[in-house]
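Here are some friendly notes to read alongside the model. Take the points in order, and keep the viewer open as you go.

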Amino acid sequence: MMDATASDGHRFSQLDHLESEAMFIIREIVAENESPGLLFSGGKDSIVMLHLAAKAFAPASLPFPVVHIDTGHNFDEVLLFRDRVVEALGVRLIVGSVPEAIEEGFVREEPSGSRNRIQTPVLLRTAEQHGLTALMGGARRDEEKARAKERVFSFRDEFGQWDPKNQRPELWSLYNGRIHAGESIRCFPLSNWTELDIWEYIAREGIEVPSIYYAHEREVFQRNGMYFAVNRHCLPRDGEHTFTETVRYRTVGDATLTAAVLSQARTAADVAAEVAASRITERGATRGDDKVSEAAMEDRKKEGYF
Amino acid sequence: MDILRFATAGSVDDGKSTLIGRLLYDSKSIFTDQLDAVERTSAQRGDDYTDLALLTDGLRAEREQGITIDVAYRYFSTPRRKFIIADTPGHIQYTRNMVTGASTADLAIILIDARKGLLEQSRRHATIVSLLRVPHVVLAINKMDLVDWSQDVYEEISATFVEFAAKLDFADVTTLPISALTGDNVVTRSAHMDWYQGPALMHHLEHVYIASDRNLVDVRFPVQYVIRPQNGRGDFRGFAGQLVSGMMRPGDDVIVLPSGLPSRIKTIQTSAGEVDEAFPPMSITVRLEDEVDVSRGDMISRPANQPEPTQDIDAMVCWMDAAPMRVGGKYAIKHTTRTARALVKDIAYELDINTLHRELSPGSLGLNSIGRVTLRTTQPLLVDPYRRNRQTGSFILIDEATNRTVGAGVITEN
């Protein structure tokens, strides 16, 4: 609900602002780009993106496909959720499969087992195969400091690469989405949202998210001070003993390296309250992949990562 | 809770990073893992203090060179407001980044080192903030601890600024004596300057009244996208976009520009369904009573209050590309949701943004220069003066060969 009426001086909350801005950006990339797609992981940010996109084009259906880069390292709950949402909205789903790409020798499994890096070539190939010249994503600037510098319309060259020193100035709400053949745009309508905004919006709108975002009991073990779930992708090593804890996930990325946090939050409003009180970022709390180096994200983005 | 977007202008020497670090730290918006990372990097470099600039300098090149190259966006909230900081570099070679940061700001903080007074770069920052018509300005006179909290020093700098600002165009200027390092008057009132009766900076940021900055008078609705469902709702034809100014209600008489066709609003749909009234900056979908021809780039307005359709644009342009703008040059121009082509007819003068001196007929504008130009466009644009409307008064220029955004313009009154 919008908390705006004529009598209260046309108040527009921060969520109203962010929602309106995101709808504007989504419409803008769709108007300016011939063949956009929306990256959907089943995570909370991409769920909010899909919700906003549906609003932006209502009562028409979404004028673009949804793209999932499937690492094969998914939480089961998230995949089931993806299929249900896609069916309910009646949108076209394109899946780029990392396991298939490994099997055919297009990419090679890394010794660490992490598929974070090798999903980039799969993403680029999937976009190319389907002729997608713009990809919308739910990345936020508060997530990571390289992202804090990235434009809302982020230009990528014919190799999908981001050049942080050569970004197009972005003024007012005048986005420049022009490209030559082979080039593309990554578009980030949630740039100005924070993790807290996302949860407050999920609570306000009553948006459904995968159950693992809420507190539940799970068999876990500890590694590097983080709680990892025991599943087929992620097994305890020698000396790591398992136990049952009440946890939830702050992010739902690669199941091999996404950790859970201790939590009692069972609703979106509970999660928002917990996030507001948290003193650690979601990536710092739960991602093994960004700790590798100070510039890990910047380096991956230069290769074409989201 | 609403949003305040503010830009900070100043360089590392002025204490800008320290100020932002303090705002974030004192509002508990720096996370422990971020602080750990910064402390680790500072220690590796052998610094004997924690360099809070590392929090905002996100790119490898910035960390290596110890400079801020690009605008960084930072977020924090207090119980009253959400804040978006556009942290912009202050040196002259980054004028375009400052212009970028200021373009969306509700408020700009101009930082001044109390020991140095109003320097050339402070004048430049003030000029840009004025040109971009940032509605609220805070002149933060920093490092008061290093001038013994002297009221005389503060008053003298304030007076010099007021004198300089008289040549510019500010609606609202607030002056504050602060010390970002010690935190005096940043989040809490200073105990060292009882001669200062005003609020601390954070209090000002939380309370400055911005709702009235919106223009609720001039109805300007640039059509962004035409929604025509294929799924069995063939009669539906909605015009989607963001209402940039004015109020719209079902039943209002409207005019579609540039065609000039009249109609009436049938319904207005927002994210929350149909509404009786829309106001800026809502993203809405408007349906009209009549089957009029409307497409992206058109504007819906009111018969008695319309923007001016014109192919001749007078503007102040900030040039952002290494290849200079020249008289006779042709560019793509994007104004609201309309894109046309523009020919540079004349460059009347280049403004020296340090001194406000005008160099007449320079022939070209180089990177980071600001000048007064006249453009001729291939199609009429539906414009208002920038001082009346930031959205319908601004445009960007795009090089059609490289697709780079090369210039930003604010439309002046003829």
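Why does Phe81(A) count as buried? Phe81(A) counts as buried because 21 C-beta neighbours lie inside 10 Å. The rule is that a residue is buried if 20 or more other C-beta atoms lie within 10 Å of its own, exposed if 12 or fewer, and partly exposed in between, with C-beta atoms placed from the backbone.

1. Before you start. This is a predicted model, so local features need pLDDT of at least 70 and side-chain atom pairs count only at pLDDT 80 or more, while totals for chains, interfaces and linings use all residues. Residues are numbered from 1 along each chain as its sequence is written, and chains are lettered from A and ligands numbered from 1 in the order in which they are written.

2. Chain A as a whole. Chain A has nine helices and ten strands; these are DSSP runs numbered from the N terminus, with helices (H or I) of at least four residues and strands (E) of at least two. Of its 306 residues, 55% count as buried. Take the contacts in chain A between residues at least 6 apart in sequence: 74% of them join residues at least 24 apart. Here, two residues are in contact if their C-beta atoms, placed from the backbone, lie within 7 Å.

3. Helix H3 of chain A. Phe81(A) is found in this helix, so let us look at its surroundings. The 14 residues of H3(A), residues 76–89, should span 20 Å at 1.5 Å a residue, and the end C-alpha atoms are indeed 20 Å apart. The expected span is 1.5 Å times one less than the number of residues. Right after the helix comes Gly90(A), with a positive phi near 65 degrees.

4. Two sides of one helix. Which residues of H3(A) are buried? They are Val78(A), Phe81(A), Arg82(A) and Val85(A). These residues lie on the same side of H3(A), because they cover an arc of only 105 degrees around the axis; the arc is that of the directions from the helix axis to the C-beta atoms. Asp76(A), Asp83(A) and Glu87(A), on the other side of H3(A), are exposed. The buried residues pack against helix H2 (44–57) and strand E2 (66–70) of chain A.

5. What Phe81(A) touches. Leaving out residues up to four places away in sequence, Phe81(A) touches Gly42(A) and Pro210(A). For Asp16(A), 65 residues away along the chain, the C-alpha atom is separated from that of Phe81(A) by 27 Å.

6. A sheet in chain B. Six strands form an open sheet with mixed pairing, in the order E2-E3-E1-E4-E5-E6 (chain B). Two strands pair if DSSP finds at least two bridges between them. Strand E2 (72–77) and strand E6 (173–177) of chain B are the edge strands, each pairing on one side only. Inside the sheet, strand E4 (residues 107–113) and strand E5 (residues 136–142) of chain B pair in the parallel sense over seven bridges. Leu111(B) stands opposite Ala140(B) in E5(B).

7. Two cis peptide bonds. One runs from Ala58(A) to Pro59(A), with omega near 0 degrees, and Pro59(A) lies in the loop between H2 and E2 of chain A. Another runs from Leu257(B) to Pro258(B), with omega near 5 degrees. Pro258(B) is in the loop between strand E10 (253–257) and strand E11 (261–270) of chain B.

8. Positive phi without glycine. Lys143(B) is not a glycine, yet its phi is positive at about 65 degrees. Lys143(B) sits in the loop between E5 and helix H7 (151–165) of chain B and is buried, with 22 other C-beta atoms within 10 Å. Thr336(B), also not a glycine, has a positive phi of about 45 degrees. Its place is the loop between strand E17 (330–335) and strand E18 (338–351) of chain B, and with 28 C-beta neighbours inside 10 Å Thr336(B) counts as buried.

9. Where the chains meet. How many residues does each chain bring to the contact? Chain B gives 58 residues and chain A gives 50 residues. On the side of chain B that touches chain A, the largest share, five residues, comes from helix H2 (residues 32–45) of chain B.
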